[in-house]
Amino acid sequence: MKYPTHVCLIAAMLCLAACDLKFHDVRIELVISDTTASALPVYISGNDIALGSWEADKIKMEGGPSLYYVELEAPTSIDLEYKFTRGSWDTEALGEDGKVPPNYMLTVLSDTSVRHAVNQWKTSEYTIEGQVVGERIALDVPGIEGLKARDVWIWLPPDYEISADIDYPVLLMHDGQNVFEPTASLSGQEWRVDETADSMIRAGTLNPFIILAVSNTEDRSAEYSYGSKAELYAQFLIEQLLPYVNERYHLAQGPENIAIMGSSMGGLSSFVLAWEHPEVFGKAACLSPAFKVGEYDYVSKAAKMKRPSPLPAIYIDNGTEDLEARLQAGIDDMKVYLKQENIPFEWYLDQGAKHTEGAWANRLHIPLKWLFGTEN
């Protein structure tokens with residue numbers, strides 16, 4: 001079986017760490033009943049480079065008009081998670097109940113072939129149903145030229161309205177559609193940030209804070225790394241979003257009161273924004289950050305830059321399974337660099353955790369307490 005370049009990247013990367021790993025042939029098939037739209041391509045998107053790293057239009061499936069497939073190599077015991085789209089998350093496959101399904105899951109133990117069926121796809125008429133704990137409001141924030149439009153929400157802490165004389169610190173979160181509701185999340189899982197924050201604030205373990213949740217776009221990787229798109233994204237957050245919210249809500253001022261949090265590429269972005277704009281973002285919580293993976297190497301880039309002033313507070317955590325294990329080398333390199341430069345940071349290892357919204361939800365109380373804990 002001959003593989004295109006993109007599906008062999010996984011083998012190249014993993015071989016650097018463990019060249020004695022055994023690889024298996026994997027074939028993922030998709031049967032679709034609606035062949036009237038056969039002119040539209042079908043894509044697979046998942047938690048591995050060979051599956052597009054959750055980019056909706058990166059890995060086009062072969063075949064058609066009713067049977068599509070993708071073939072790749074994967075190491076023993078890896079857990080693959082994936083979904084199907086017509087080229088964007090606005091056209092992803094729906095389940096039999098007409099709702100966004102959870103990720104498809106496949107543990108690779110041998111040469112494997114699996115087949116799935118899809119009968120319907122998300123359209124512009126698709127509506128999200130769900131429940132948010134507390135008050136979440138959609139914001140109409142003006143965009144900037146060169147950057148795709150996106151949804152932005154603000155979540156207000158308990159008793160916000162009756163405490164109008166209080167200014168609140170703010171937590172800006174990437175991948176905003178994934179943090180409040182499973183029905184809105186691209187993976188079918190959520191961070192449960194509303195439930196966790198609300199319960200901890202009411203219990204007195206967290207100081208009240210505001211959440212700004214900024215959804216991602218198809219340009220997620222470019223916006224969440226470094227380069228021209230990432231600079232535009234930073235401009236949007238700093239020059240558009242924060243001033244817009246500051247005019248309408250009670251935000252505490254100063255970088256010590258503005259934190260940023262994300263996972264995977266969002267974890268990288270959180271570090272980049274705090275490192276390059278410490279006068280704005282005084283704290284960064286980087287969950288499962290992709291410091292060094294594929295074409296990205298922010299460890300080397302950070303080492304060549306001027307030391308941030310003021311120094312941002314840095315929190316890093318990660319799991320140990322699957323993609324988490326492959327991110328470990330970059331995280332270790334970043335830890336070594338920060339220690340060499342005497343730059344304080346916190347690191348937490350979540351043994352057994354995978355690279356999923358569910359895993360980040362399970363340990364979300366740790367970075368939240370580090371950011372806003374009443375005992376800090």
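# Exercises on strands, sheets and salt bridges

Both faces of strand β2 (residues 43-46) are covered in this predicted model. Y43 and S45 on one side are buried, and so are I44 and G46 on the other.

## Exercise 1: The surroundings of β2

Find the strands joined to β2, and say in which sense they run.

Solution.
- Step 1. Recall the general rule: in a regular strand, side chains alternate between the two faces of the sheet.
- Step 2. Sort β2 by face. Y43 and S45 lie on one side, I44 and G46 on the other.
- Step 3. Look at β3 (residues 59-60). Two bridges join β3 to β2, and the two run antiparallel. Across from I44 stands I59 of β3.
- Step 4. Look at β6. Four bridges join β6 to β2, again antiparallel. Here Y43 has T85 as its bridge partner.

## Exercise 2: A closer look at T85

Is T85 buried or exposed, and what does T85 touch?

Solution.
- Step 1. Place the residue. T85 belongs to strand β6, which covers residues 79-85.
- Step 2. Check the accessibility. The relative accessible area of T85 is 0%, so T85 is buried. The cut-off for buried is under 20%.
- Step 3. Follow the side chain. It comes to 2.9 Å from the backbone nitrogen of G87.
- Step 4. List contacts, leaving out neighbours within four places in sequence. T85 meets P41, V42, Y43, A56, T91, E92, A93 and W121. Y43 is also the bridge partner of T85.

## Exercise 3: The sheet of four strands

Give the strand order of the open sheet of four strands, and explain why one side of β4 and of β9 has no neighbour.

Solution.
- Step 1. Read off the order: β4-β5-β1-β9, with mixed pairing.
- Step 2. Find the edges. They are β4 (62-63) and β9 (112-118). Each has a single partner strand, so one side of each lacks a neighbour in the sheet.
- Step 3. Examine one pair. β1 (residues 23-32) and β9 run parallel, joined over seven bridges.
- Step 4. Pick one position in this pair. L30 has H116 in β9 as its bridge partner.

## Exercise 4: The sheet of eight strands

Trace the open sheet of eight strands, then place helices α4 and α7 on it.

Solution.
- Step 1. Write the order: β11-β12-β14-β13-β15-β16-β19-β20. The pairing is mixed.
- Step 2. Name the edge strands. β11 (135-139) and β20 (345-349) each pair on one side only.
- Step 3. Add the twist. From one strand to the next, it averages 15°.
- Step 4. Zoom in on β16 (residues 283-287) and β19 (residues 313-318). They pair in the parallel sense over five bridges. Opposite L287 stands D317 in β19.
- Step 5. Place α4 (residues 228-248). This helix lies across β11, β12, β13, β14 and β15, at about 140° to β14.
- Step 6. Place α7 (residues 323-340). This helix lies across β19 and β20, at about 155° to β20.

## Exercise 5: Salt bridges

How many salt bridges does the structure hold? Then describe the pairs E92 with K122, K148 with D219, and E195 with R192.

Solution.
- Step 1. State the count: 18 salt bridges.
- Step 2. Take E92 and K122. Their side chains meet at 3.2 Å, N to O. E92 sits in the loop between β6 and β7, and K122 in the loop between β10 and β11, 30 residues apart. E92 is buried at 1% relative accessible area. K122 counts as buried too, at 14%.
- Step 3. Take K148 and D219. The closest N and O atoms are 2.8 Å apart. The pair links distant parts of the chain, 71 residues apart. K148 lies in the loop between β11 and β12, D219 in the loop between β14 and α3. K148 is partly exposed at 39%, whereas D219 is buried at 18%.
- Step 4. Take E195 and R192. Their salt bridge spans 3.7 Å, N to O. E195 counts as buried at 18%. R192 counts as partly exposed at 41%.
- Step 5. Finish with a network. Salt bridges link R27, E29, E71 and R115.

Conventions. Residues are numbered from 1 along each chain as its sequence is written. This is a predicted model: local features need pLDDT of at least 70, side-chain atom pairs count only at pLDDT 80 or more; totals for chains, interfaces and linings use all residues. Side-chain values use heavy atoms; hydrogens and water are left out. Buried means under 20% relative accessible area, exposed over 50%, partly exposed in between (1.4 Å probe, protein chains only). A polar contact is a pair of N or O atoms within 3.5 Å; within protein, one must be able to donate a hydrogen and the other to accept it, and residues adjacent in sequence count only if both atoms are side-chain atoms. Contact means heavy atoms within 4.5 Å. Two strands pair if DSSP finds at least two bridges between them. Axes are lines fitted to C-alpha atoms, for helices over the stretch in contact, and angles run from 0 to 180 degrees between N-to-C directions. A salt bridge is a side-chain nitrogen of Lys or Arg within 4 Å of a carboxyl oxygen of Asp or Glu.
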